[in-house]
Amino acid sequence: MLPRPRRNRRSPALRALVRETELGPGRLIQPLFVQDGIADTPIGSMPGQARLSIAGLVERAREAASLGVAGIALFPALPDALKDPRGSEGTNPDGLLPRAVSALKAEVPGLLVITDVALDPYSSDGHDGLVIDGRIDNDATLPLLAAMAVTQAAAGADVIAPSDMMDGRIAAVREALDAAGFTDVAICSYCAKYASAFYGPFRDALDSTPRSGDKKTYQMDPANAREALREVRLDEAEGADWLLVKPGLPYADVIRMVREATNLPVAAYHVSGEYAMLRAAAANGWLDYEACLLESLLCLRRAGADLIFTYGAIDAARQLAG
Ligand code: PBG
């Protein structure tokens, strides 16, 4: 008697029956960039992605919804003239992001809208926290983040996603949302967010590269996995509703650890650099973009992610439908 694992692989029906992991469009979140004006501006290092006008954004969102994609994560691209050290534009109720959120909720009501809380898209310093005398001031940043979250919830955001990695910001955001009456608005905490070089294309898209220094005093050291569990415990205690690990594939071990440490939904962010690598290799004829994208996303699910933020969400959903 020879054990024969191949017996379970004999036919498509058998393989489908014993498959351990499913990837559906309802597990995917499409990040999109929005800008003011009527033009859509392609992003060179992210082929297939653009800074979209609000009209273009609504059109993409409709496409995502029609393919069953669960939601979109929205990032505003602002001109330098609107950036200042305190990221003041982030709390302007008539700013680009609130207008984009309102348009989405009016035009594509079923689609979840997730907004990012951090100073960087609005900051003339390009940092996620407030820079005072060349240093990131953690505690002075918290009220700015909390006010930004309330502005986004007031515009209609379903889920607020603090991506700044300041200590204590989940509690600060939760308290501010509750005090403003937004008790039903959920928080997706970027819980284990690493100081990664894979964010390069995203910073091109928003022109948000730090003007000085780097993000290593707040984002995690790529060498550390156990430290992620400390962040998990804090974010759970502070009131997070989802925990996110970022980047994705290079951190699959961290996703697995976080999955085993929490009962909250776990999200993975397949980041801009991961997307750019697939697109660049495909453009050279070296990899099949669609096949490698679906495999990457399936592997993130297998590692333990319940849901995935990916620039390829719409592309993947189209493949899964067809
Ligand atoms: C910033 C933020 C970043 C991303 C999401 N929110 C970049 C950074 O920390 O510099 C990266 C996303 C990506 O690379 O796809 N708050």
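What share of the contacts in the protein chain with a separation of 6 or more is accounted for by residues 24 or more positions apart? In this predicted model, such residues account for 74% of those contacts.

## Overall form

The protein chain is built from 11 helices and 12 strands, and its C-alpha trace spans about 70 × 45 × 40 Å along the principal axes. For a chain of 322 residues a compact globule would have a radius of gyration near 20 Å, and because the protein chain has 20 Å, the two values agree.

Of the 322 residues, 52% count as buried. The accessible surface of the protein chain comes to about 14,200 Å², and carbon and sulfur atoms contribute 52% of that area. As for charge, the chain carries 33 positive and 42 negative side chains, with the centres of the two sets lying 10 Å apart.

## Strand β12 and its partners

Strand β12 is covered on both of its faces, since L307 and F309 on one side and I308 and T310 on the other are all buried. Two of these residues also appear as bridge partners: F309 is the partner of I29, while L307 is the partner of A267.

The pairing of β12 with β1 is parallel and rests on two bridges. Strand β11, which covers residues 266-270, also runs parallel to β12, and four bridges join these two strands.

## Helix α11

Helix α11 covers residues 313-321, and within this helix A313, I314, D315, A316 and A317 are buried. What do the buried residues of α11 pack against? Their packing partners include two strands, β1 (28-34) and β12 (307-310), and also the helices α2 (54-66), α9 (272-283) and α10 (289-303). Strand β12 therefore enters this account in two ways, as a parallel partner of β1 and as an element against which the buried residues of α11 pack, given that contact means heavy atoms within 4.5 Å.

## A205 in helix α6

Is A205, a residue of helix α6 (residues 200-206), buried or exposed? With a relative accessibility of 1%, A205 counts as buried, because the cut-off for that class is under 20%. When its neighbours within four places in sequence are left aside, A205 is in contact with F33, I43, R51 and A77.

A separate comparison places A205 against R174: the two residues are 31 residues apart in sequence, and their C-alpha atoms are 29 Å apart in space.

## Backbone features in loops

Three loops contain backbone features that a reader may wish to inspect in the model. In the loop between β10 (242-246) and α8 (252-261) lies P247, which is joined to K246 by a cis peptide bond with an omega of about -5°.

Two residues other than glycine have a positive phi, namely D133, at about 50°, and M165, near 65°. D133 lies in the loop between β6 (130-132) and β7 (135-137), whereas M165 is found in the loop between β8 (159-162) and α5 (169-179). Their surroundings can be described by accessibility: D133 is exposed because its relative accessible area is 77%, over the 50% cut-off, while M165 counts as buried because its relative accessibility is 4%, under the 20% cut-off.

Definitions and conventions: Residues numbered from 1 in each chain as written. Predicted model: local features only at pLDDT ≥ 70, side-chain atom pairs only at ≥ 80, totals over all residues. Heavy atoms only, no water. Rg over C-alpha atoms; globule rule 2.2 N^0.38 Å. Buried < 20%, exposed > 50% of the residue type's maximum accessible area, 1.4 Å probe, protein only. Areas by Shrake-Rupley, 256 points an atom, 1.4 Å probe, with all protein chains shown as cover. Lys, Arg positive; Asp, Glu negative; His and termini not counted. Charge placed at Lys NZ, Arg CZ, Asp CG, Glu CD. Pairing = 2+ DSSP bridges.
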